[in-house]
Amino acid sequence: MAPARLLLLLPLVTPPLAAQDEERFDGESLQGWETTDFKGGKPEGSNLGVSNKSVSFHYRREVLSPLAHAALLTELQEIRLTLRSQVNGAFMLGVEDRDGASFHFPFDLSAGQRKEVRARPSDFKLNDDSRVRKPVLDPQRLGLGYVLLDLGPLLGSRGENVLAVDTVVVRRSAYARLPAPLIVDRLMEISQSSILAGDLIIRKGGHLKVTSPRFLLLGDVRAQDGIFELAGGVFSLPQKYNHERSLIFRGASRFRLEHSLWTPGLPAGVNFSDASALEVEDSECQGGLTCDAGDGTRVAIRRTRQTGEFVIAAGADISIEDSSSVILWLPVGPQIKGKISLPPGSKVENWTSGPGMRVRVRRCENVLWCIISQPGSDAVIERTDLYAAGLYFDGNARAAFRGVQNGRRMQDYSLEVSDRKLRFVDCRVSAWNFYSNGKARVSVEGSTFGESLAFGESELDIRNSTCDGSGGYLGSSNQARLKLSGCKVSCLVVARDESSISLDRCEVSGDVRATARSSLRLTQCRVNGRVEKDAGAQLIQE
């Protein structure tokens, strides 16, 4: 059967173009902004913050100090920036396309004067040191982000400066609107940049192939024995908080990315079960991919940047090759017996898991090792530095922890819980995470940890502790209850479904949000972040 192009689903009818795609960034938030030198560190003497409703970048002019902003530029028509500099200076706006060609647009700023800087693709010139040579900038090949750079270090300038960014407006080509929800039950192709303001449902035999420069999804994905394929473009999945959106693949479904850029902005959850599979080649996942690979599923990753994190079941088959920025959560449950030692450092040339798992990692960089401790294990982890250790409790489990601390080296430490044996010898765990499910009851006191999530009908009670966010965030789902008292929290707090979160006498540096039909209670709390709720949620502040 010939593919039916979604932009011509109805005879002689083309879906209308959406309003001009224009995105505005005000200077009241640092989300998406960062500064790094060309070696990946912080430029000496620099500081990034918010002042008077502007992004404020303080730096030394003799040091090259790029200011990066993760705005989507694919199909760019024009970018407008309202800027102010404390001193006279020559600056540039730099971009790099997805093929590695780099371009710049030079401009001047006068001391103390607010100026609107406008640039179109035709205004950019190829850099002399561009890795790839191209005659002109092709806006369809642009991806995520640009940099602002003071050229002072190249001109002999010295002293300090503050660059203020009041607003940024990015105007892109218009989207075509697709019908929502979009139900796919045959082979269909999207070849024009499109927006789907609703869910994508792929039924048995359905195959959605996206070849357009951009595809914007404002909903979830549900696939049952179907295929979702992204080939060559940019897939955007905006989210207001971590894991707001979910992509669920069941049966023999496949999720395939090839030569694509995925930009969820914040970590997005992708769940695979049954015999479903994730296949990624020559792609990049900017903003976070959290892949839950269940028993019987398959993951094959090749030549991919910013790959994401993978929570691996014992029966999953995982192969990752020639890729970077990978977080691997290895299961330590009843299938694991004896000693475990993971490769030192973040560069892995060739590693294959032992009995009880099917995981292969070859020629990868920036690999971070984690474990999920499950009931029934009888294992010893030796001479290993773990990015995170997650302690998972299900059923009617009962567990209590006191004095657990992130980052401490353990010469010989055993978990004091009755349903498993797990010992650490000469190990360091950068972040301890706690997870409860079913009807489990877990308590934590006097500890510093990285993440806690409660699911099912479980209860997670945390007292006089610090969650530094190094392992994720705080959250509750289903009908679970998460309670914190006398705690310091440096991350997102979010209640989902019909769950509840209560914070009593807590200091929170991060956003707090109640979604769906959840409830959130703040008692004598100080929150340095946004406090928000969905229409059906309950928020009590007292």
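How many bridges join strand 3 to strand 6, and in which sense do the two run? In this predicted model, the count is three, and strand 3 and strand 6 (residues 67-72) run antiparallel. Within that pairing, Glu34 stands opposite Ala68 in strand 6. The two strands belong to an open sheet of six strands, ordered 3-6-12-8-9-11, with antiparallel pairing. Its edges are taken by strand 3 (33-35) and strand 11 (125-126); each has a single partner strand, so one side of each is left without a neighbour in the sheet.

A second open sheet has seven strands, and here the pairing is parallel, in the order 41-45-48-51-54-57-60. The edge positions go to strand 41 (398-402) and strand 60 (538-541), and because each has a single partner strand, one side of each lacks a neighbour in the sheet. On average, neighbouring strands of this sheet are turned by 5° against each other, direction ignored. One of the pairings links strand 51 (residues 481-485) with strand 54 (residues 500-504), in the parallel sense and over five bridges. Leu484 stands opposite Leu503 of strand 54.

Edge strand 41 also holds Arg402. With a relative accessible area of 65%, Arg402 is over the 50% cut-off and therefore counts as exposed. Leaving aside residues up to four places away in sequence, Arg402 touches Glu445 and Ser447. The Glu445 contact has a polar part: the side chains of Arg402 and Glu445 make a polar contact at 3.4 Å. As for Gln374, 28 residues from Arg402 along the chain, the two C-alpha atoms are separated by 19 Å.

Asn433 offers the opposite case in terms of accessibility. This residue lies in strand 44 (residues 432-436), and its relative accessible area is 0%, so Asn433 is buried. Its side chain reaches the backbone oxygen of Gly471 at 3.4 Å. Gly471 is also among the residues that Asn433 touches once those up to four places away in sequence are set aside. The rest of that list runs through Trp329, Ala388, Ala389, Gly390, Leu391, Gly450 and Glu451.

Next come the aromatic rings. A search of the whole structure turns up 20 aromatic pairs. One of them joins Phe215 and Phe228 edge-to-face, with 6.4 Å centre to centre and 80° between the planes. Phe215 lies in strand 20 (residues 214-217) and Phe228 in strand 22 (residues 227-231), so this pair ties together parts that are 13 residues apart in sequence. Phe215 comes out at 0% relative accessibility and therefore counts as buried. Phe228 is also at 0% relative accessibility, so Phe228 counts as buried too. The pair formed by Phe249 and Phe255 is stacked instead, at 5.1 Å centre to centre with 10° between the planes. Phe249 and Phe255 are both buried. These four rings belong to one aromatic cluster, which also takes in Phe235, Trp262 and Phe272.

Rings take part in charge contacts as well. The charged end of Arg214 sits over the ring of Tyr175, 4.2 Å from the ring centre. For Arg420 the charged end sits over the ring of Phe393, again with 4.2 Å to the centre.

Finally, which residues does Gly294 touch, not counting those up to four places away in sequence? They are Phe272, Ala313 and Ala316. Phe272 brings the story back to the aromatic cluster, since it is listed there. Gly294 itself is placed in the loop between strand 30 (289-293) and strand 31 (298-302). Despite this loop position, Gly294 has 15% relative accessibility, and because the cut-off is under 20%, Gly294 counts as buried. Between the C-alpha atoms of Gly294 and Ala275, 19 residues apart along the chain, the separation is 8.9 Å.

Conventions
Residues numbered from 1 in each chain as written. Predicted model: local features only at pLDDT ≥ 70, side-chain atom pairs only at ≥ 80, totals over all residues. Heavy atoms only, no water. Helix = DSSP H or I, 4+ residues; strand = E, 2+ residues; numbered from the N terminus. Buried < 20%, exposed > 50% of the residue type's maximum accessible area, 1.4 Å probe, protein only. Contact = heavy atoms within 4.5 Å. Phe/Tyr/Trp six-rings, centres within 6.5 Å; stacked < 30°, edge-to-face > 60°. Lys NZ or Arg CZ within 6 Å of the ring centre and 35° of its normal. Polar contact = N/O pair within 3.5 Å; in protein donor to acceptor, adjacent residues only side chain to side chain. Pairing = 2+ DSSP bridges. Axes fitted to C-alpha atoms, helices over the stretch in contact; angles between N-to-C directions.
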